[in-house]
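Visitor: I should be grateful for a close look at one salt bridge in this structure and at its surroundings. Please describe the two partners first, and then the wider setting.

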Amino acid sequence: MYLYVNLFNEKVLDRKKYYLSGDLLAPTINSFEKFKDLETSKIKGCIGFMMAKEHSNKGVYLLEIDNLVANEKELSFEFSIQDIMQQTNEQIRKNLYRVAAIKDWLDDKKYSPNAYILDKSTFDLVRKGQINKTKQSSYTSQIQEYKSNYNWKSIVELFEPIDSIGEGHELWNNVNDLYEIGFACSKLGEPKNEKAKDRTHLKEVAQYRGHSIRLYKRCIELEPLDYRYLSALAYRYYLNVMELSKPKGRNDGNRDQEIESAIMYFEKAIALNRKSIKNNYRLGKLILEYKIKQMKYKSHTWNPEFFHELEQVEKCGIRSIVNAITEFDNLHEEQQKTYKNEYIKSCYCLGSYYLQKPDLYINEHLMAKFSGTDYKPSITQRDIEDVSNARKYLELCFVAESGNELIESLEVEYLLSNQNRWTISPMDVLYKLGVVYMYMYYIKRNFSKDIEAINQYKAIALKLMNTSYQIAFEGSKRKTIRRNTWFINDKYALLHILDDNYSEAINLLKNARDGYIMNTLCIAFLLEGKDNAYDKCLEKLKTAVENKYNLAKPISIAIMLYIYKKQGDKLNYNKLLGSADKSSRKYFECLGVS
């Protein structure tokens, strides 16, 4: 066994006695199973280091120890100083921390143990720092030439079959060349869009991804204290998650396992370099957009333990994104140019996450309005904070993209002609900001008497929604935007409904086919109150209920029941009521349905 111990101060050196107990000893007991086996005769080497900054450039101490006591209450021994070594306290501190981060020896506050019990190889790794520094091989210049031309295939062809790179191969201990080959394999492991269902192609690219992961892991073995190789491996798993999540993408992997692997390696990489903007952003995105959904939709018991775990995971995701934004803000202006895309995506990711958190019961509010019930929706301080945070980060995103702090000032033609220069589509940024201001308008209108703020938020929301809608409309006409943008119509119409402008809402949604949008259309019909509103609604809602992909079917069923009740159609009412589950029944109170 080999020890590294924190000597704390010069008084310990003067006494020649070392003592740890209580909270100072607990991390060592928790991290090292061999603690219980400690005895003087088993210690083959011991180095003492100082934590204080004034000792950073001084050498660490090689100690000979005697009369060692190790139990649950204390770690103590007597020592003599054999030598002051060339390695400095700062070097040893940093290397120990990196090892602790990799081995999961840090506590909840990311503090490292005060005493380490290590094997010979780890002891030497901390003492010597990075080894295996081979820089050049007979292949290095050729690899770099191909890399400069983005010729990944030629790099890999130098070593076909890639499996031949293993123990005994010239490159097996050359971390730099191994990394470049792993990177080339990773590039070749990305499936082509048009071949996402081609089994032969998928098998080929899967082999390249496997080679990439194997080579990256070898790099980590060679230089475990270098965060770059952990980052590369984490990013490969991250890409796997993105590829498996992509609409019409490949489905030849286990996304849940890839999420766990990516998170694990990102956390290890960040532990070694907490200032990495890219790693913090990617970890946060993985957690907020994928891990949390994975937890919610997997089979589990909805008990306090699960909610606590979910809350902790969410905090980790938010903290990672905030760290990315903070580290960007700490950079000089010239340095920020390198990471601007990650900053923008971080702001957009976090703003979008906060935007989907509050449940403002807008549909219930509108249902109560057309049904005439006494249902009163409530709002929590947490909801208000979530909307406020969504506004904060989405506006940061907008300012970074546009260079303009006046979010209502940009014109459609300018945005259309410059959309390819934006990291996030201006249509999406303005749409989500429009939803933010719609929520602010709704909250102020229903829970405040601040007329000035109500009118201000409504005007900004209408401007943002209209601009986003016009970008989508014109972009579709010009074929520069080819995706479904009906989600914008839906929220723009909802804003008009909240403003009692039902005809505008109906005009926006009259040709809608998605079930959730038909629900919004029917709410507009019912609030408009024309004689044929019930018939129009039933025609739309029957289609919505029959659509197996309609995730908003519970609302469709609830509104249909309301209409059948108003029409006195007991036969259809009772028939539909029998098929309604609790997801529909939660709307019964605000509709006056029982």
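Guide: In this predicted model, the side chains of E314 and R382 meet in a salt bridge, with 3.9 Å from N to O. The pair connects distant parts of the chain, since E314 belongs to helix α12 (residues 304–329) and R382 to helix α16 (residues 381–402), 68 residues apart. The two partners can also be described by their exposure. E314 has a relative accessible area of 10% and is therefore classed as buried, the limit for that class being under 20%. R382, with a relative accessible area of 46%, is partly exposed. As a general matter, side chains of opposite charge can pair when their charged atoms come close.

Other salt bridges give this pair a context. The whole structure contains 28 of them. One network, built from salt bridges that share partners, joins R209, R236, E243, R250 and D252. Within it, E243 pairs with R250, and their closest N and O atoms are 2.9 Å apart. Both E243 and R250 are buried.

A further example lies inside a single helix. E221 forms a salt bridge with R218, the closest N and O atoms being 3.0 Å apart. Both residues lie in helix α8 (residues 199–222), three residues apart, which is about one turn of the helix. E221 is exposed, with a relative accessible area of 54%, whereas R218 is buried, at 13%.

Helix α12, which carries E314, also takes part in a pocket. The second largest pocket has a volume of about 680 Å³. It is lined by 22 residues, of which K110, E267, R274, C316 and R319 are the closest to its centre. Helix α12 provides the largest share of this lining, seven residues. Helices α10 (255–272) and α11, like α12, each supply at least two residues. By class, the lining comprises eight nonpolar, four polar and 10 charged residues.

Helix α11 leads on to the largest pocket, where it contributes the largest share of the lining, eight residues. The volume of this largest pocket is about 2200 Å³. Its lining consists of 48 residues, and those closest to its centre are L355, Q356, P358, Y439 and K491. Among the helices that each supply at least two lining residues are α14 (340–356), α15 (362–371), α18 and α20 (486–498). The lining divides into 27 nonpolar, six polar and 15 charged residues.

Helix α18, one of those contributors, is also prominent in the nonpolar core. The largest nonpolar core has 200 residues, and Y4, I181 and Y437 are those with the most contacts inside it. The largest share of this core, 14 residues, comes from helix α18 (residues 426–447). In soluble globular proteins, nonpolar side chains tend to be buried together.

The contacts of Y437 bring the account back to the starting point. Leaving aside its neighbours within four places in sequence, Y437 is in contact with R391, E395, I407, Y457, I460, A461 and L464. Helix α16, which holds R382, spans residues 381–402, and R391 and E395 are among the residues that Y437 touches. To return to the pair itself, the salt bridge between E314 and R382 links a buried residue with a partly exposed one.

Technical notes:
Residues numbered from 1 in each chain as written. Predicted model: local features only at pLDDT ≥ 70, side-chain atom pairs only at ≥ 80, totals over all residues. Heavy atoms only, no water. Core = buried A, V, L, I, M, F, W, Y, C linked by side-chain atoms within 4.5 Å. Buried < 20%, exposed > 50% of the residue type's maximum accessible area, 1.4 Å probe, protein only. Helix = DSSP H or I, 4+ residues; strand = E, 2+ residues; numbered from the N terminus. Contact = heavy atoms within 4.5 Å. Salt bridge = Lys/Arg side-chain N within 4 Å of Asp/Glu carboxyl O. 1 Å grid on protein atoms, 1.4 Å probe; cavity = no way out; pocket = protein on both sides within 12 Å on 5 of 7 lines; lining within 4 Å. Points joined across faces, edges and corners; volume = space filled by probe spheres on them. Nonpolar A, V, L, I, M, F, W, Y, C, P; charged D, E, K, R; others polar.
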